[in-house]
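The report below describes how protein and DNA meet in one model, and then turns to a single residue away from that theme. Please keep the sequence and the structure in view while reading.

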Number of protein chains: 2
Amino acid sequence: MENKNPIQVADRLFGALELLAEHGDMGLVEVSEMLGLNKSTAHRVLNSLIYMGYAKQNKENGRYEPTLKTVATANKIMGRIDVIQTVRPYLRRLMEMSVETVHFVRLEGCEAVYIDKVEAPGNGIQMVSRIGSRLPLYCSGVGKAMLARMEDQEVREIWEHSDVRALTEHTITDYERFQEEIHEIRRRDYALDNEENEVGVRCIATAFEIPAGDGRYAFSISAPAGRMSEERIRELAGYILKIKAELMKEWQL
Amino acid sequence: MENKNPIQVADRLFGALELLAEHGDMGLVEVSEMLGLNKSTAHRVLNSLIYMGYAKQNKENGRYEPTLKTVATANKIMGRIDVIQTVRPYLRRLMEMSVETVHFVRLEGCEAVYIDKVEAPGNGIQMVSRIGSRLPLYCSGVGKAMLARMEDQEVREIWEHSDVRALTEHTITDYERFQEEIHEIRRRDYALDNEENEVGVRCIATAFEIPAGDGRYAFSISAPAGRMSEERIRELAGYILKIKAELMKEWQL
DNA sequence: AATACAGTTCCATATTACGAAACAAAAGGA
DNA sequence: TCCTTTTGTTTCGTAATATGGAACTGTATT
């Protein structure tokens, strides 16, 4: 059998808090039943949360709800996190799995900005470091991956503010076509850049958000088109989604 | 004397969690000293947090750090919040204090979108409801208020993606001048729209962010230029900052 | 008015958290 | 290298603490 929590009330306190977080507002008996607690015990637990400012009681109907103090605490935690440092080991593993160069970008305004990269070794000519440089959203894997996680309105919004032009013969410049592409990306959770930004370079990318912060991020695997067959892309898609899942797991998202 | 927490350990559990949230990573004795606890008690409390997934111990040096589970819980709370419903009472009070029409907007892409408004009564011709309609950031009070809370890079980014044109003779179209304006807004925490968007209409606006969500918001007081003297603006600035402070207090931000 | 159900308070009880002390394992100095 | 100091971990008798049954109050519902 598993070992117990060294403090029993802790389970009840945090259990109640999580319950309120999930259900929004609850009655006392409701809480007590869901946690398997005596009405009296639940009452004391909830009052303790209220005393500390993590919950409050609606004056009207007496129901209990969570406050935003949890959010404030969460913000402090997020504030100390260095996204680049935390994500780097994952990027490194992704590079090792794919043996291709991996990029990490962040959304700023209507563009993506390179904030980190892990170069594949012995890839002949090393590209100039792109850290800090920007690229449009509509014609990049990382950009499309991030767009796909926004609402349609916002996608349209950014499309209209972008200087859409055919950078290569593969660049998507028709909005109808672009919308289909976005839906496709939503379905499979990764985006492809099929030489849309630069001739001879294909990318596969996926995006995520960091709550409690203005964070929209994406990372990608880039390689010469010659090394990116249909089958190879499927393989890389597996890698990139696996790494992302691990990251999300560590981050409890 | 104040009444005590109905559960003493609760103070210690959440105290430890908040401590970790603030300091990032701490040693056991450090925690025990700051909370005035016995080393042994601190150890049990921290292990309880670890057991529940709210903290973890660094394998390398044995130090304790918070996990992102708190953030996940905070997200659930934020996810249930209806920003418009929550903010409306504040907007209403602001309207009552100023007896002017109040607007509430949200940032979407590179534009502001009206999401709510509280009309001042008996203001003659009621303007057509603008809910859902969009306006540029560079030439509106709410837009500038939101921009002022971003980093310089992102401001520049959005400026460059905006179709900057002189909608009125007061519109700021020079970037140097605009930057000064932004710095001024940061200093006083509210923005002015001096007929920059529409002739004869002045606004005063302030912005805020909602963590754990992609939320950048702003609200404003709009009135005919004739009712917006220097002195009246100072008065309204007081109102709008007061209301914002109250909102931030309720939201624990 | 009667009933049912929600939240609140009380209190004797034993369960639970407490902390001193002893232990283990690194880190730092001589 | 050895000794000292510091930090994390475990134990255990004890006292304080959380527990939950029951009684109480207030508010909807019939």
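## Protein surfaces at the two DNA strands

Of the 18 residues around DNA strand D, those that come nearest are A:Arg12, A:Asn38, A:Arg44, B:Gln8 and B:Tyr64, where a residue counts as near a strand if one of its heavy atoms lies within 4 Å of it. Of the atoms of DNA strand D that come within 4 Å of the protein, 67% belong to sugar and phosphate.

This is a predicted model, in which local features need pLDDT of at least 70 and side-chain atom pairs count only at pLDDT 80 or more, whereas totals for chains, interfaces and linings use all residues. Residues are numbered from 1 along each chain as its sequence is written, chains are lettered from A and ligands numbered from 1 in the order in which they are written, and side-chain values use heavy atoms, with hydrogens and water left out.

The residues near DNA strand D comprise seven nonpolar, eight polar and three charged; here Ala, Val, Leu, Ile, Met, Phe, Trp, Tyr, Cys and Pro count as nonpolar, Asp, Glu, Lys and Arg as charged, and the others, Gly among them, as polar.

DNA strand C is surrounded by 19 residues, of which the closest are A:Gln8, A:Tyr64, B:Arg12, B:Asn38 and B:Arg44. Sugar or phosphate supplies 70% of the atoms of DNA strand C within 4 Å of the protein, and bases supply the rest. The surface near DNA strand C divides into seven nonpolar, nine polar and three charged residues.

The table lists polar contacts, that is, pairs of N or O atoms within 3.5 Å.

| Protein residue and atom | DNA atom | Distance |
|---|---|---|
| A:Leu28, polar backbone atom | phosphate oxygen, strand C | 2.8 Å |
| A:Val29, backbone N or O atom | phosphate oxygen, strand C | 3.0 Å |
| A:Lys39, polar side-chain atom | base oxygen, strand C | 2.7 Å |
| A:Thr41, side-chain N or O atom | phosphate oxygen, strand D | 2.8 Å |
| B:Gln8, side-chain N or O atom | phosphate oxygen, strand D | 2.4 Å |
| B:Tyr64, polar side-chain atom | phosphate oxygen, strand D | 2.5 Å |

## The surroundings of B:Met95

B:Met95 lies in helix H5 (residues 83-98) of chain B, helices being DSSP runs (H or I, at least four residues) numbered from the N terminus. With a relative accessible area of 8%, B:Met95 is buried, a term that means under 20% (1.4 Å probe, protein chains only). Leaving aside residues up to four places away in sequence, B:Met95 touches B:Glu100, B:Val102, B:Val118, B:Glu119, B:Ala120 and B:Pro121, contact meaning heavy atoms within 4.5 Å. The C-alpha atoms of B:Met95 and B:Phe208, which are 113 residues apart along the chain, are separated by 18 Å.

Terms used
A polar contact is a pair of N or O atoms within 3.5 Å; within protein, one must be able to donate a hydrogen and the other to accept it, and residues adjacent in sequence count only if both atoms are side-chain atoms. Helices (H or I, at least four residues) and strands (E, at least two) are DSSP runs, numbered from the N terminus. Buried means under 20% relative accessible area, exposed over 50%, partly exposed in between (1.4 Å probe, protein chains only).
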